[in-house]
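Me: I am new to this structure and would like a short tour. Please show it first, then take my questions one by one.

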Amino acid sequence: MKMAAGTQPGNSLSVSADAGNNGRDGDDGHKRPGGTPVVAVAPAGNGSIAHSSHKTALFSGNEAIGLAAWHAGADMAVGYPGTPSTDVLEYIAEITPEPDIYVEWSTNEKVAMDVAMGASLAGKRVIVTTKHVGLNVAMDSLMTSPFIGVNGGVVVFNADDPGMHSSQNEQDNRYIARFAGIPLLEPSDSQEAYDFTRVGFGLSEQWDTPVILRTTTRISHALSKVIPAPAEQHRSGEFRRDPRKYVMLPANARPRHVAHLERLSKMEKWAEEVPFNREELRSRSIGVVTSGVSYQYVRDVLPDASVFKLGLTFPLPRESLTSFASKVDRLFVVEELEPYLEEALRLLGVPVEGKEFFPRYGELSPHLVRVGFQAAGILEPSGETAGETIGGVAGPSLDSVGPRFPLLCSGCSHATPFFVLRELDAVVTGDIGCYTLGATDPLSAMDTCLSMGSSVGMAVGLAKAGSTGGRPVVAVLGDSTFLHAGIPPLIDAVHREANLTVIILDNGTTAMTGGQPNPANAVDIRGRSVPKVDIPAICKAIGVASLAVVDPYDVGATRRAIENAISKEGVSVVVTVRACAESPEKIRGPVYYVDVDGCDGCQLCMNLGCPALVWDLSLDVMPKRVRIDASLCSGCTVCAQICPQGAIFASSSQSVTASTAGAGASVSSNQGERQ
Amino acid sequence: MTVKTIDQPGTLVEQARDLKEANEPAISQGNLVLAGVGGQGIIMASNIISLACLESGLDVKKSEVHGMSQRGGTVVSHVRFGHEVHSVMLEPKQAEWIIALEWEEGLRFLEYLKPGGVAFMSTERRIPPTAFADRLGGKIDYALGAGVPRGVVPVDTYAVAGEAAAERPVIAQTVLLGALSVDMGLSQETWREAIAATVPPKAVQANLIAFENGRTWYERWKKTTGSKLGSSVKANDIQQPEGVSPGVSLGGSSNGPSASASASVKDWRGGAPRIEVIRDWCKGCNICVIVCPERVLSLDRFDIVVASKPDRCTACGLCARLCPDMAIEIWVDTPAHVGTGGE
């Protein structure tokens, strides 16, 4: 029962209180050999589940990974936020007492990887968390990390996002593991996420290399049961000089490359025996090689098929796979995204079918797996016809259900700069964050979005190309993104005398991923006070001549600042400073309303894209009058400032100063009402 | 967000009772889809269901997508429970139940409903701003129609919640869970504990009331309306039990337009508004170009304003009224013109 206290997710009080002793002493009914590979076999049958129901809990894959890192005695957890990987660090910070694990939102993923390697050489176990595109940023260090090796175990947790729920691409990072020659673990549920993380640290130390733990959105954000294992003590160790191994001069790196290749060949033999790969023989007519969440889909759709379930997808157990292939009549690979396993099987000379039936893009689903096996002639077509009415009888058809896209929140401090840019008809290079939504209707004020920090570099290219038809070039990026990867291109811009404007939207948080602190904040992930990086001072130090700091809730001042910056030769920077309306605290001021008699239906305010501004459907007039949804209004005052009719008022007695019916830019703001 | 098990000291008797119950859950397997708009509490509702199942001794898996969906987009969660669950994701026509906190999101995922299944759908409507893009025609890109497909139980969650609805953000979901609990089984106590363990502490009492109200409402609905319903249900056919607000009322939320609103919009003109610029009077001050909400106007190479995108004009008349030289007039094909600098 002691373990129960230490494994209560979210019950931070009991965890904090007991973690020093009970959570770590491992005296618990679920005996598992600590640090040795554990195959994820949940106790079978209903009885044992009931027996353990007060010790077991539902965990998301990410929570299971965070819990496992703690239980594995990790001393450090570092990363950069990115859906769907973000909640691992947040969960560790939530459940662990502060001295137990050092948790850090690093400036970017490469910094995180380097911090991890440093701590590892000092003998500590470290988990690094990134999303798939985040690992690209860490690649420089990741590629050479197996040459240096580890002292304390390093688990690089990487969450891929097939289907691009919240990403700019859907690259398949299994290739990165193969490219770098780093062992790759792929869990297929939360229990395996827990077990593989625990095992990963040991493997990392055993093979003297970081280990990549890869999930996908449906593993990271799906909840299933986890039975935790006894916790381990922190690892003792210290840094010892070993320049031949740690200093990658060419003379040192050459023998390390040879050692790396020798290790790879040993790992390939070891891969044949690891318990995370298993052959499940059922009907011999069909065999399926699969891993991760696809395994679960295959088990649902083809419960009688034989399955080779891979938990270690690099290096691959070639002999075992060949042997499995020989046992079945027809061999399929079911995998999301690239034909990674399929290509490997083809190289072995094994006849295999896969991507001709299962898509190479997007995420799989049980339905797509079923459709694939129907196309392959394994399953009977279900006989459903297209265009069926929903719910079985006539009703609203799905065609009449409109799309619902993500939007900037009501009160979003990013709306005004885009509103201004839309009017100024600038060429706007965008970046990664909430503000990418500035590209969508009705703001429609963003022309590019490539990767973290690329807004500034692309703006340099556009400005230097000089063929924008006289339109000004403006780069827009957020505070966290600027610090992550926006500084080097700004240096480039200043040094190369590019003629462009950079707008840094400083909302005091990393909002898109749920509001994580970044180096421009005065607190860290555990809420401690930390030194704050001064963004305008960085710009000044780089040599930006024209620098303005403005409150984006002041529409007029924002417009003047941006117009002025654009008119300047060379690099100009405008920093818009206003806290995110949703995070870390929900900010709500007096609700605003539209005076029906004053509104003439010009709908200028609706160009802000604020979710609180809707049509008043109680009035049978055209053009439609605007109504403010009081339940959504944050009281930011921006719509009241820009209303040409001055028809928007605060619900409290005092009215906004938006009385001048004219260019909205001339109206002063009313920040005082902000709570 | 984690679903927590209930492990309070001093409740061993309760635990023992729960475990006894757990050996005979009323239902042994099932699938649910929960849908709504980001921020409505879909994830919390699915956590409550998952926890109730787990506490009843069932294996549970749950999947959802967050990230960009939180920004007012669609949020959907799949919950599967049974003795052994593999995939977290459902296939179409597999869900015994659908819980929708927003009407159109319910319609969107109705394809997941199994024939004979029940979809508990809140009549709350959240029309996305993008649905208001047709500023000329006034067409709303949103399923406002009042037809209720088979298997759907429309619930005016705030009306059913009654006085508990004062705490809106975390109430609608427990009303629907109350209704669901009638059909899904599991012990009442399990449901209540799952709610208490999941919602914010200060909202527990209100949510328990909302749960109870939802449960009572649906039991009465089944006895009265439900039993009368034939194969084809229309909104108007649904009679509400006395003393309970009509579940199908479309005005339940603050954002609830009447179903007929879009249909009754009058055809206000034959064609697009006509923009007339008196070129001799225009001095190219650019004011109208800046203020036009739809960016219809621009300056030509002679610095005289022209309507470069006339099809976007909504005839608001702003340019005409703000022109210092009264150089713009806007005409629509109705007896009176909308605005002119001369007025």
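Reply: A residue is buried if 20 or more other C-beta atoms lie within 10 Å of its own. Keep in mind that this is a predicted model.

Me: Which residues of H5(A) are buried?
Reply: Helix H5 spans residues 61-71 of chain A. Of its 11 residues, 11 are buried, so the helix is largely enclosed by the rest of the structure. The names are Gly61(A), Asn62(A), Glu63(A), Ala64(A), Ile65(A), Gly66(A), Leu67(A), Ala68(A), Ala69(A), Trp70(A) and His71(A).

Me: Which residue with positive phi follows H5(A)?
Reply: Look just past the helix. Phi is near 80° there, and the residue that follows H5(A) is Gly73(A).

Me: What share of the residues of chain A counts as buried?
Reply: Chain A has 23 helices and 22 strands. Its contacts between residues at least 6 apart in sequence include 74% that join residues at least 24 apart. Of its 675 residues, the share that counts as buried is 57%.

Me: Is strand E2 of chain B largely enclosed or not, and how many of its residues are buried?
Reply: E2(B) covers residues 59-64. The strand is largely enclosed by the rest of the structure, because the buried count among its 6 residues is 5.

Me: Which residue of E2(B) is the bridge partner of Leu223(A)?
Reply: Strand E8 of chain A, residues 222-226, runs antiparallel to E2(B). The two strands are joined by 2 bridges. Opposite Leu223(A), the partner in E2(B) is Lys62(B).

Me: In E3(B), what is the bridge partner of Asp59(B)?
Reply: E2(B) also pairs with strand E3 of chain B, residues 74-82. That pairing is antiparallel and has 6 bridges. For Asp59(B), the partner in E3(B) is Gly82(B).

Me: Are H19(A) and H20(A) roughly parallel or roughly antiparallel?
Reply: Helix H19 holds residues 454-465 and helix H20 holds residues 479-495, both in chain A. Their axes lie 7 Å apart, at an angle of about 20°. Angles under 35 degrees count as roughly parallel. Therefore H19(A) and H20(A) are roughly parallel.

Me: How do the residues of the contact of H19(A) with H20(A) divide into nonpolar, polar and charged?
Reply: H19(A) passes H20(A) in a left-handed crossing. H19(A) brings Val456(A), Gly457(A) and Val460(A) to the contact. H20(A) brings Gly486(A), Pro489(A), Leu490(A), Asp492(A) and Ala493(A). The split is 5 nonpolar, 2 polar and 1 charged.

Me: Which residue precedes Pro442(A) across a cis peptide bond?
Reply: Pro442(A) sits in the loop between strand E14 (427-429) and H19 of chain A. Omega is about 0° at this bond, and the residue joined to Pro442(A) is Asp441(A).

Me: What is omega for the peptide bond from Thr83(A) to Pro84(A)?
Reply: Pro84(A) is in the loop between strand E2 (76-79) and helix H6 (87-95) of chain A. The bond from Thr83(A) is cis, with omega near 5°.

Me: Is Glu497(A) buried or exposed?
Reply: Glu497(A) lies in the loop between H20 and strand E16 (500-506) of chain A. Its phi is positive, near 55°, though the residue is not glycine. A residue with 12 or fewer C-beta neighbours counts as exposed. Glu497(A) has 11 inside 10 Å, so it counts as exposed.

Notes
Residues numbered from 1 in each chain as written. Chains lettered and ligands numbered in written order. Predicted model: local features only at pLDDT ≥ 70, side-chain atom pairs only at ≥ 80, totals over all residues. Axes fitted to C-alpha atoms, helices over the stretch in contact; angles between N-to-C directions. Helix = DSSP H or I, 4+ residues; strand = E, 2+ residues; numbered from the N terminus. Parallel < 35°, antiparallel > 145°, perpendicular 65-115°, else oblique. Left-handed = near helix turned anticlockwise from the far one by under 90°. Contact = placed C-beta atoms within 7 Å. Nonpolar A, V, L, I, M, F, W, Y, C, P; charged D, E, K, R; others polar. Pairing = 2+ DSSP bridges.
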